[in-house]
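Welcome, and thanks for taking a look at this one with me. Here are a few numbered notes to read alongside the structure.

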Amino acid sequence: MMQAFDRPGSLGTPKPRSPWTFKERLKMLSWEYCWACFCSWTPKPLNRWRLFWLRLYGAKVHGVPFVHQRARIQVPWNITFHDMSCVGDRTNLYSLGPIEIGEGAVIAQEAYLCTGSHRFDEPGLPLTVEKITIGARAFIGARVFILPGVTIGHGAIVGAGAVVSRDVDAHSINAGNPCKRIGSRPLPH
């Protein structure tokens with residue numbers, strides 16, 4: 001579901017405004033400093049320490065996912081991690097809206113999941129957000145860009161460098177810009 005945020009300005013033109021309250025913006029700032037001070041320098045084996053901080057800031061953490069210390073997470077309270085999911089080195093979860101990462105899903109290094117965009121048909125370009133869902137046991141290759149509102153199906157593969165603007169079928173193999181289906185994976189027994 002897409003949400004748009006704006007309000008009219010003094011001359012009837014839309015005036016840009018933040019969709020977040022002052023308190024939420026302070027919490028986001030606090031999160032940035034917390035991740036930089038307590039998490040970004042930690043070695044890989046201190047994953048549970050990073051998960052502790054993510055939970056403290058409202059991330060929904062089921063089981064024991066892995067979050068790389070150099071991952072970038074914009075708004076942790078908008079993210080749901082399921083057991084054994086993996087967020088790789090320098091992956092960017094731009095979670096202005098919800099992101100859900102399914103059980104055993106892998107998001108490789110430098111992938112970018114972006115839940116925010118703008119309404120380009122309106123003068124004030126108000127912010128819009130839509131949920132991104134990564135299905136269980138899906139694999140997202142290095143430097144993949146996933147746009148708002150996309151669902152990656154269970155067990156799907158998205159090849160490195162793909163730009164994903166539409167939903168991806170379960171157990172499919174996909175690649176390219178724009179991302180297209182190029183094959184199928186065998187179903188598990």
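1. Let's start with a small puzzle: does glutamate 122 count as buried, partly exposed or exposed? Bear in mind as you look that this is a predicted model. The answer is that glutamate 122 counts as partly exposed, at 23% relative accessibility. The cut-off for buried is under 20%, so a value of 23% falls in the class between buried and exposed.

2. Glutamate 122 has charged company. Its side chain meets that of arginine 119 in a salt bridge, at 3.3 Å from N to O. Arginine 119 also pairs with aspartate 121, this time at 3.1 Å. Together, Arg119, Asp121 and Glu122 are linked in a network of salt bridges. As for accessibility, arginine 119 is partly exposed at 25%, whereas aspartate 121 counts as exposed at 57%.

3. How many salt bridges does a search of the whole structure find? It finds six. One to look up is the pair formed by the side chains of arginine 70 and aspartate 89, which meet at 2.7 Å, N to O. Arginine 70 sits in the loop between β5 (66-67) and β6 (72-73), and aspartate 89 in the loop between β8 (86-87) and β9 (92-94), so this salt bridge ties together parts that are 19 residues apart in sequence. Arginine 70 itself is partly exposed, with a relative accessible area of 37%.

4. Next, please turn to threonine 42, in the loop between α1 (22-39) and α2 (47-56). Threonine 42 is buried, with a relative accessible area of 1%. Its side chain reaches the backbone oxygen of cysteine 39 at 2.7 Å, and it also makes a polar contact with the side chain of arginine 50 (2.7 Å). Leaving aside residues up to four places away in sequence, threonine 42 touches Trp49, Arg50 and Gln69.

5. Finally, the nonpolar interior. In soluble globular proteins, nonpolar side chains tend to be buried together. Here the largest nonpolar core has 43 residues, and Phe81, Ile134, Ile146, Ile152 and Val164 have the most contacts inside it. The elements that give two or more residues to this core are α1, α2, β7 (79-81), β10 (99-101), β14 (127-129) and β15 (132-134). Of these, α1 gives the most, with five residues.

6. If you would like one residue to follow through that core, try isoleucine 146. Not counting residues up to four places away in sequence, isoleucine 146 touches Tyr112, Leu113, Cys114, Ile132, Ile134, Ile140, Ile152 and Val164.

Note on methods:
Residues are numbered from 1 along each chain as its sequence is written. This is a predicted model: local features need pLDDT of at least 70, side-chain atom pairs count only at pLDDT 80 or more; totals for chains, interfaces and linings use all residues. Side-chain values use heavy atoms; hydrogens and water are left out. Helices (H or I, at least four residues) and strands (E, at least two) are DSSP runs, numbered from the N terminus. Buried means under 20% relative accessible area, exposed over 50%, partly exposed in between (1.4 Å probe, protein chains only). A polar contact is a pair of N or O atoms within 3.5 Å; within protein, one must be able to donate a hydrogen and the other to accept it, and residues adjacent in sequence count only if both atoms are side-chain atoms. Contact means heavy atoms within 4.5 Å. A nonpolar core is a set of buried Ala, Val, Leu, Ile, Met, Phe, Trp, Tyr and Cys residues joined through side-chain atoms within 4.5 Å. A salt bridge is a side-chain nitrogen of Lys or Arg within 4 Å of a carboxyl oxygen of Asp or Glu.
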